[in-house]
Amino acid sequence: MKPLVLWTTWVLLAAAAIAAHAASLPEVLVYKSPTCGCCGSWVDHMKASGFRVKVVEQNDVMPIKQRFGVPDHLASCHTALVGGYVVEGHVPASAVKRLLKERPTAVGVTVPGMPIGSPGMDGPNPEPFSTQLFDERGRARVYESYRPPYRW
């Protein structure tokens, strides 16, 4: 085969594989403030990782957090729903994929606060952070830990 035909075939197969993978991931529904840039960057991170994302912009996201059981001490700037779980804050897409694969007993997963270096929170001096699973009583346990340098 000619190199151009091989290259074109490879590109088409890769595109089909990416589309099939994205179709197998559930849609992420994100509630965020219309003025929050870091939330938009997190949405971009999720899309780049193969998720389909629907955004609902809302000036006050606190009622959403309360409705879906996010305790104040585990809160961040945006709240998402995916596959029956709550995803609070700047959780890496890899942790969301793991959550959906393992299906642990939990309300959801969170990255409390807004640690520099987490997906969507670019900036100098990235800091270590952890994702935490939380239950309906607000109890949390470490799910994954991250140290810089990050490779999202």
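Which strands does helix 4 (residues 93-102) lie across? That was my opening question for this predicted model. I found helix 4 across strand 3, strand 4, strand 5 (108-111), strand 6 and strand 7. Against strand 7 I get an angle of about 130 degrees.

**Entry: the sheet**

I went through the strand order next. I read an open sheet of seven strands in the order 2-1-3-4-5-6-7, and the pairing is mixed. Strand 2 (53-57) and strand 7 (140-146) sit at the edges with a single partner strand each, so each has one side without a neighbour in the sheet. From one strand to the next, the twist averages 20 degrees.

I also looked up what else packs here. Helix 2 (residues 37-48) packs on the sheet and touches strand 1 (28-32), strand 2, strand 3 (79-82) and strand 4 (85-89). I have its direction at about 170 degrees to that of strand 1.

**Entry: the hairpin**

How many bridges join strand 6 (residues 129-134) to strand 7? I get six, and the two strands run antiparallel. One pairing I noted down is Leu 133 with Arg 141, its bridge partner in strand 7. Strand 6 and strand 7 make a hairpin, with five residues between them. In the turn I spotted Gly 138, which has a positive phi of about 85 degrees.

**Entry: Thr 110**

I picked Thr 110, which is in strand 5. Is Thr 110 buried or exposed? I have Thr 110 down as buried, because its relative accessibility is 0%. Its side chain reaches the backbone oxygen of Glu 88 at 3.4 Å. Then I listed its contacts, leaving aside neighbours within four places in sequence. They are Leu 74, Glu 88, Val 91, Ser 130, Thr 131, Gln 132 and Phe 134.

**Entry: Glu 88 and Lys 65**

Glu 88 came up twice with Thr 110, in the backbone oxygen contact and in the contact list, so I followed Glu 88 further; it is buried too, at 0% relative accessibility. Which residue forms a salt bridge with Glu 88? I found Lys 65, with the closest N and O atoms 2.6 Å apart. This pair links distant parts of the chain, since Glu 88 is in strand 4 and Lys 65 is in helix 3 (residues 62-67), 23 residues apart. Lys 65 is buried as well, with a relative accessible area of 2%.

**Entry: the other salt bridges I followed**

My search of the whole structure turned up five salt bridges. Back on helix 4, the side chains of Arg 98 and Glu 102 meet in one of them, at 2.9 Å from N to O. About one helical turn separates Arg 98 and Glu 102, because they are four residues apart in helix 4. I checked exposure for both. Arg 98 is partly exposed at 28% relative accessibility, and Glu 102 is partly exposed at 45%.

Arg 98 also meets Glu 144 in a salt bridge, at 3.3 Å from N to O. Here too the pair links distant parts of the chain: Glu 144 is in strand 7 and Arg 98 is in helix 4, 46 residues apart. Why did I mark Glu 144 as buried? Its relative accessibility is 16%, and the cut-off for buried is under 20%.

I logged Arg 98, Glu 102 and Glu 144 together as a network of salt bridges.

Conventions. Residues numbered from 1 in each chain as written. Predicted model: local features only at pLDDT ≥ 70, side-chain atom pairs only at ≥ 80, totals over all residues. Heavy atoms only, no water. Pairing = 2+ DSSP bridges. Axes fitted to C-alpha atoms, helices over the stretch in contact; angles between N-to-C directions. Contact = heavy atoms within 4.5 Å. Buried < 20%, exposed > 50% of the residue type's maximum accessible area, 1.4 Å probe, protein only. Polar contact = N/O pair within 3.5 Å; in protein donor to acceptor, adjacent residues only side chain to side chain. Salt bridge = Lys/Arg side-chain N within 4 Å of Asp/Glu carboxyl O.
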